[in-house]
Amino acid sequence: MTWNIEGLRRNIYNLKHFLGIHKPDIIFLSEPQVFAHDVDLVMKYLCGEYCYSLNSADNYDQELPLTKSRAHGGTMVLWKSCHDPYISPYPVSTSGFLPILFHPPRSPLSIHISVYLPTLGQESQFMEELSNLSCTIDELRERHPNAPIFLRGDFNVNSKIKSRNNLLDYFSDEHDLSMLQISHP
């Protein structure tokens, strides 16, 4: 499951309700908007049913919570606790994406990346994050050449913005990616 949650704290009950009904094994969240030091308080509402890894900007700037009243953006992956021994978050130096390695018993390794790229008006940050993502994919392919890679989340590419569309097309061609557009109401 992939969800641009636009604030984990304000949508935790919606997430809990959805998880209770559908019971997905892995959830990829874009824009959880929560600081790393607050995530445990929010996740307690899921009663330990899911493990998680949060990639927020304060992981790279420890003083950010002292200067900003709330978190922005970020990426997060949740997985059922039974999968915990088989999931390894892959370290990156940005909150714009979060890769995990999933290697369940008697199954091949797969790589999943939760993505949330900067919004319109932040073009230099968008290009930097897309470049970082490209380098990370190259690195993961070099380390795990047979593992499929799945990218999920919000690339913040609007069909009306040609420059971002061209960059995403180039990125997709460079990495031989297939895109699946999923619209939402």
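Start by selecting Ser114: across from this residue, in strand 8, stands Arg152. Keep in mind as you click around that this is a predicted model.

**Strand 7 and its neighbours**

Stay with Ser114 and look for its other partner. Leu98 is bridged to Ser114 in strand 7, and the wider pairing of strand 6 (residues 97-102) with strand 7 is antiparallel, with six bridges. Now go back towards strand 8, where the pairing with strand 7 is parallel and again has six bridges. Pick out His112 here and you'll find Phe150 of strand 8 opposite. To get from strand 7 to strand 8, follow the chain through helix 4 (residues 123-143); this β-α-β crossover is right-handed.

Next, colour the whole of strand 7, residues 110-116, by burial. Seven of its seven residues are buried, so the strand is largely enclosed by the rest of the structure. Show the side chains and two sets appear: Ser110, His112, Ser114 and Tyr116 point one way, while Ile111, Ile113 and Val115 point the other way. Both sets are buried.

**Zooming out to the sheet**

Select strands 5 to 8 together. They make an open four-stranded sheet, ordered 5-6-7-8, with mixed pairing. Strand 5 (87-89) and strand 8 are the edges; each has a single partner strand, so one side of each has no neighbour in the sheet. On average, neighbouring strands here are turned by 20° against each other, ignoring direction.

Bring helix 4 back into view: it lies across strand 6, strand 7 and strand 8, and runs at about 15° to strand 6.

**The other sheet**

Now move to strands 1 to 4. This is also an open sheet of four strands with mixed pairing, but the order to trace is 1-2-4-3. Which strands stand at the edges? They are strand 1 (2-4) and strand 3 (50-55), and each has a single partner strand, so one side of each is left without a neighbour in the sheet. The average turn between neighbouring strands of this sheet is 15°, direction ignored.

For a closer look, select strand 2 (residues 26-30) and strand 4 (residues 75-80). These two run antiparallel and are joined by five bridges. Click on Ser30 and you'll see Thr75 of strand 4 opposite.

Then add helix 1, residues 8-22. This helix lies across strand 1, strand 2, strand 3 and strand 4, and its direction is at about 155° to that of strand 2.

**Last stop: some rings**

How many aromatic pairs does a search of the whole structure find? There are three, and one to select is Phe155 with Phe171: the ring centres are 6.4 Å apart and the planes are at 50°, so this pair counts as tilted. Phe155 sits in the loop between strand 8 (149-154) and helix 5 (162-174), and Phe171 is in helix 5 itself. The two are 16 residues apart, and their pairing links distant parts of the chain. Are these residues buried or exposed? Both Phe155 and Phe171 are buried.

Finish with a charge over a ring. Select Phe126 and Arg164 and turn the view until you look onto the ring: Arg164 lies over the face of Phe126, 4.0 Å from the ring centre.

Definitions and conventions:
Residues numbered from 1 in each chain as written. Predicted model: local features only at pLDDT ≥ 70, side-chain atom pairs only at ≥ 80, totals over all residues. Heavy atoms only, no water. Phe/Tyr/Trp six-rings, centres within 6.5 Å; stacked < 30°, edge-to-face > 60°. Buried < 20%, exposed > 50% of the residue type's maximum accessible area, 1.4 Å probe, protein only. Lys NZ or Arg CZ within 6 Å of the ring centre and 35° of its normal. Pairing = 2+ DSSP bridges. Axes fitted to C-alpha atoms, helices over the stretch in contact; angles between N-to-C directions. Contact = heavy atoms within 4.5 Å. Right-handed = clockwise from strand over helix to strand, strands pointing away.
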